[in-house]
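Visitor: I would like to learn how to read a fold from its strands, loops and core. Could you walk me through one?
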Amino acid sequence: MVIDVLERGDLPFPRSLPEFQRLFPDEAACAAYLERARWGDGFVCQHCGSPGDPYRFANRPGVCRCRHCNRDTSLTAGTVMERTHTPLSVWFWAAYLVASQTPGMSAVQFQRQLGLPRYETAFQILHKLRAGMVRPDQDQIGGNPGEYVEADETYVGGRTRGKGRGVQDMVLVAGAVEVKQRKQGGSLNKRRTGRYAGRVRLAVAPDRSAKSLSGFIERVVTPGTTIITDDWSGYAALGKQGYLHTTVAERGDVQVAETFLPIIHLVFSNLKSWLRGIHHGVSPQHLQAYLNECTFRFNRRFYPFNPRRPLQIPPSVAGSNSPSRRRQDG
Ligand SMILES: [Zn+2]
């Protein structure tokens with residue numbers, strides 16, 4: 001089940017603090033919103049399947065009780081909010097903050113804004129929201145006629161861990177992005193070429209071997225898609241794997257890379273400045289979650305109330321939007 005609040009006319013999405021205040025003044029209002037998000041056509045008991053208005057309790061706002069079988073259904077079951085002691089209103093504030101701040105927030109800022117006594121609580125909420133940003137449909141990118149995909153990999157600086165000055169844990173990130181062409185003369189056509197990023201996939205890669213890099217492509221890009229990479233051997237077999245593979249020569253030449261793989265480099269540079277600016281370095285074990293968030297922000301959609309998938313395996317990342325638009329926002 002996917003709930004995209006931006007596509008549900010009956011689920012208002014607050015655009016400002018006063019609006020937020022009006023929509024979610026208390027726990028009951030948050031609970032009512034969740035109920036509406038989940039059962040657009042009215043409550044249905046998850047135990048006996050009976051429809052009909054449930055019992056609601058002022059002291060237990062997260063629960064609906066079936067009038068037919070008298071059993072309880074949790075409004076947060078299957079979402080990132082399941083089984084936490086944090087009030088719904090705090091989750092709603094958190095989701096609003098995360099969704100409305102274009103560059104995202106650090107856990108410290110988050111803790112301060114929400115007035116949470118414990119840093120760990122702030123970190124956990126943020127981390128769960130981030131995990132919930134993974135788009136539920138894990139479709140492959142590419143496959144659209146007339147479009148192509150740029151793929152490359154880059155090193156992202158990790159956090160220095162007492163290894164001496166300047167020593168960092170660098171983590172390899174593989175990336176692939178759809179390149180789309182805007183219709184000529186459109187008012188949104190800021191880039192002279194009219195090219196812009198479609199959906200993005202980013203994943204932590206163990207190394208630069210063909211197994212890692214071509215394996216990443218196989219997972220995230222539809223076979224038959226035209227792919228442009230540099231001439232690194234890690235991509236050499238893509239033609240045999242069913243892609244229309246074009247290489248640009250001279251690996252490591254920055255000029256060449258920016259000329260022939262401009263969109264994926266834009267994605268990488270956005271990713272790096274975002275990680276540097278907001279999070280001051282990210283420890284390697286959390287990097288995939290940050291990649292998910294970064295990719296998610298391309299799309300500027302937010303699904304904080306969606307039931308989560310049982311297990312999200314990298315490289316499971318969200319859809320995207322134009323990085324040039326993202327830059328304007330930031
Ligand atoms: Zn029932």
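Guide: Gladly, and please keep in mind that this is a predicted model. Let us begin with a loop: N70 lies between β2 and β3.

Visitor: What sign does the phi of N70 have, positive or negative?

Guide: N70 is not a glycine, yet its phi is positive, at about 65°.

Visitor: And is N70 buried or exposed?

Guide: The general idea is to count neighbours: a residue is called exposed if 12 or fewer other C-beta atoms lie within 10 Å of its own. N70 has 11 C-beta neighbours inside 10 Å, so it counts as exposed.

Visitor: Where is R83, and how does its backbone look?

Guide: R83 sits in the loop between β3 and α3 (88-100). Its phi is near 55°, a positive value in a residue other than glycine. R83 counts as exposed because it has 7 C-beta neighbours inside 10 Å.

Visitor: Now the strands. How should I think about pairing in a sheet?

Guide: Strands of a sheet pair through backbone hydrogen bonds, in either a parallel or an antiparallel way. Here, one open sheet has three strands in the order β1-β2-β3, with antiparallel pairing. β1 (55-57) and β3 (72-74) are the edge strands, each with a single partner, so one side of each has no neighbour in the sheet. From one strand to the next, the twist averages 35°.

Visitor: How many bridges join β2 and β3?

Guide: Strand β2, residues 60-65, pairs with β3 over three bridges, in the antiparallel sense. To find a spot on the model, look at C64, which stands opposite T73 in β3.

Visitor: Which strands does β7 pair with, and in what sense?

Guide: β7 pairs in the parallel sense with strand β4 (residues 148-157) over three bridges. β7 also pairs in the parallel sense with strand β8 (residues 244-248), over five bridges. On the β4 side, Y148 stands opposite T226 in β7; on the β8 side, I227 has H245 as its bridge partner.

Visitor: Is β7 mostly covered or open?

Guide: Strand β7, residues 226-230, is mostly covered, with four of its five residues buried.

Visitor: What about β6: which strand does it pair with, and why is it called largely enclosed?

Guide: β6 pairs with β5 in the antiparallel sense over nine bridges, and one of the matched pairs is K180 with Y196 in β6. Eight of the 11 residues of β6 are buried, so the rest of the structure largely encloses this strand.

Visitor: Which residues have the most contacts inside the largest nonpolar core?

Guide: That core has 39 residues, and those with the most contacts inside it are V149, A176, V177, I217, I227 and V267. β4, β5 (170-181), β6 (195-205), α6 (210-220), β7, α8 (262-279) and α9 (287-299) each supply at least two of its residues. The largest share, seven residues, comes from α8.

Visitor: What does I227 touch?

Guide: Leaving out residues up to four places away in sequence, I227 touches Y148, V149, A151, I217, V221, L238, Y243 and H245. H245 is also the bridge partner of I227 in β8.

Visitor: Which residues does the second core include?

Guide: The second core is separate and has 20 residues, among them C30, L34, A95 and A122.

Methods
Residues are numbered from 1 along each chain as its sequence is written. This is a predicted model: local features need pLDDT of at least 70, side-chain atom pairs count only at pLDDT 80 or more; totals for chains, interfaces and linings use all residues. Two strands pair if DSSP finds at least two bridges between them. Axes are lines fitted to C-alpha atoms, for helices over the stretch in contact, and angles run from 0 to 180 degrees between N-to-C directions. A nonpolar core is a set of buried Ala, Val, Leu, Ile, Met, Phe, Trp, Tyr and Cys residues joined through C-beta atoms within 7 Å. Two residues are in contact if their C-beta atoms, placed from the backbone, lie within 7 Å.
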